[in-house]
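I am opening my notebook on a structure that is new to me. I will go through it piece by piece and write down what I look up.

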Amino acid sequence: MTDQTPPRPKVLGGLTPYLQVDGAAKAAEFYKKAFGAEEVFAYPADEKGRTMHIHLYINGSTLMLGDAFPEHGHPHQAAQGYTLQLHLGSSDIDAWWKRAVDAGCVIATPLQVMFWGDRWGQLKDPFGVAWAMNAPME
């Protein structure tokens with residue numbers, strides 16, 4: 001680590017999703033409103049407004065994200081084929097769901113009791129990322 005390299009925040013959880021989105025700083029701000037994210041680190045934006053790395057804490061886990069950099073072999077691709085799932089307590093899920101919908105997430109599958117016995121629902125954020133919420137029944 002050099003004098004110019006900031007200390008890295010602790011990575012929480014055993015698996016860290018790393019999203020590439022179109023507008024990482026805007027996505028991080030949205031995730032603060034929708035999911036109560038805490039930003040623990042971010043590299044400054046470049047002259048085009050892109051950032052290569054933002055580190056968030058959400059629900060006791062780490063989520064990392066950055067913008068696409070096609071000139072470095074990382075073109076933007078639409079989100080597809082995965083869902084970020086929040087595991088919540090039975091008394092928490094309604095508040096988390098409402099906050100996400102009020103912030104601008106679109107309901108893909110309404111929150112409901114599923115065949116496995118938990119309450120579950122799926123949302124899509126304005127950046128095309130699918131989010132699900134799951135909680136045990138009381």
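**Entry: two hairpins and a shared partner**

I begin with a pair of residues. Trp120 has Asn134 of strand 8 as its bridge partner. I keep in mind that this is a predicted model.

I then look at the strands around this pair. Strand 7 and strand 8 run antiparallel to each other and are joined by seven bridges. They make a hairpin, with five residues between the two strands. Gly128 sits in that turn and has a positive phi of about 90°.

Asn134 turns up again when I check the other side. It is also the bridge partner of His87. Here the pairing is between strand 5 and strand 8 (residues 130–136), in the parallel sense, over five bridges.

Next I follow strand 7 the other way. Strand 6 pairs with strand 7 in the antiparallel sense, again with five bridges. Within this part, Ile107 stands opposite Leu123 of strand 7. These two strands also form a hairpin, with four residues between them. Gly117 is in the turn, at a positive phi of about 100°.

**Entry: the whole sheet**

What is the order of the four strands in this open sheet? I read it as 5-8-7-6, and the pairing is mixed. Strand 5 (83–87) and strand 6 (106–113) are at the edges with a single partner strand each, so each has one side without a neighbour in the sheet. From one strand to the next, the twist averages 15°.

I check how covered strand 7 is. It spans residues 118–124, and five of its seven residues are buried.

**Entry: Gly128**

I go back to the turn glycine. Gly128 belongs to the loop between strand 7 and strand 8. Is Gly128 buried or exposed? It is partly exposed, because its relative accessible area is 24%, and buried would need under 20%. I also look for a distant residue beside it. Ala79 is 49 residues away along the chain, yet the two C-alpha atoms are separated by 5.7 Å.

**Entry: Leu111**

I pick one residue of strand 6, Leu111. Its relative accessibility is 18%, so it counts as buried. What does Leu111 touch, leaving aside neighbours within four places in sequence? I find Ile93, Asp94, Trp97, Arg119, Trp120, Gly121 and Met133. Trp120 is thus a contact of Leu111 as well as the bridge partner of Asn134. I also note the distance to Leu123. Leu111 and Leu123 are twelve residues apart in sequence, with 9.3 Å between their C-alpha atoms.

**Entry: the other sheet**

I find another open sheet of four strands, with the order 1-4-3-2 and mixed pairing. Strand 1 and strand 2 (38–42) are its edges; each has a single partner strand, so one side of each lacks a neighbour in the sheet. Its twist averages 25° from one strand to the next. Inside it, strand 3 and strand 4 run antiparallel and are joined by five bridges. Leu56 stands opposite Leu63 in strand 4.

**Entry: helix 1**

I turn to helix 1, residues 24–35. Its twelve residues reach 15 Å from first C-alpha to last, close to the 16 Å expected. Which residues of helix 1 are buried? I list Ala24, Ala27, Ala28, Phe30, Tyr31, Ala34 and Phe35. Viewed down the helix axis they fall within an arc of 165°, so they line one face of helix 1. An α-helix has 3.6 residues a turn, so residues three or four places apart point the same way. The face turned away from the buried side carries the exposed residues Lys26 and Lys33. Just after the helix, Gly36 has a positive phi of about 65°.

**Entry: the core**

Last, I look up the largest nonpolar core, which has 29 residues. Tyr31, Phe35, Ile58, Leu63, Leu65, Trp131 and Met133 touch the most other members. Elements giving two or more residues include strand 1 (18–21), strand 3 (54–58), strand 4 (61–67) and helix 2 (93–103). Helix 1 gives the most, with seven residues.

I check Phe35 in detail. Beyond residues up to four places away in sequence, it touches Ile58, Leu86, Trp96, Arg99, Ala100, Cys105, Trp131 and Met133. Met133 is also among the contacts of Leu111.

Key
Residues are numbered from 1 along each chain as its sequence is written. This is a predicted model: local features need pLDDT of at least 70, side-chain atom pairs count only at pLDDT 80 or more; totals for chains, interfaces and linings use all residues. Side-chain values use heavy atoms; hydrogens and water are left out. The expected span of a helix is 1.5 Å times one less than its number of residues. Buried means under 20% relative accessible area, exposed over 50%, partly exposed in between (1.4 Å probe, protein chains only). The arc is that of the directions from the helix axis to the C-beta atoms. Two strands pair if DSSP finds at least two bridges between them. Axes are lines fitted to C-alpha atoms, for helices over the stretch in contact, and angles run from 0 to 180 degrees between N-to-C directions. Contact means heavy atoms within 4.5 Å. A nonpolar core is a set of buried Ala, Val, Leu, Ile, Met, Phe, Trp, Tyr and Cys residues joined through side-chain atoms within 4.5 Å.
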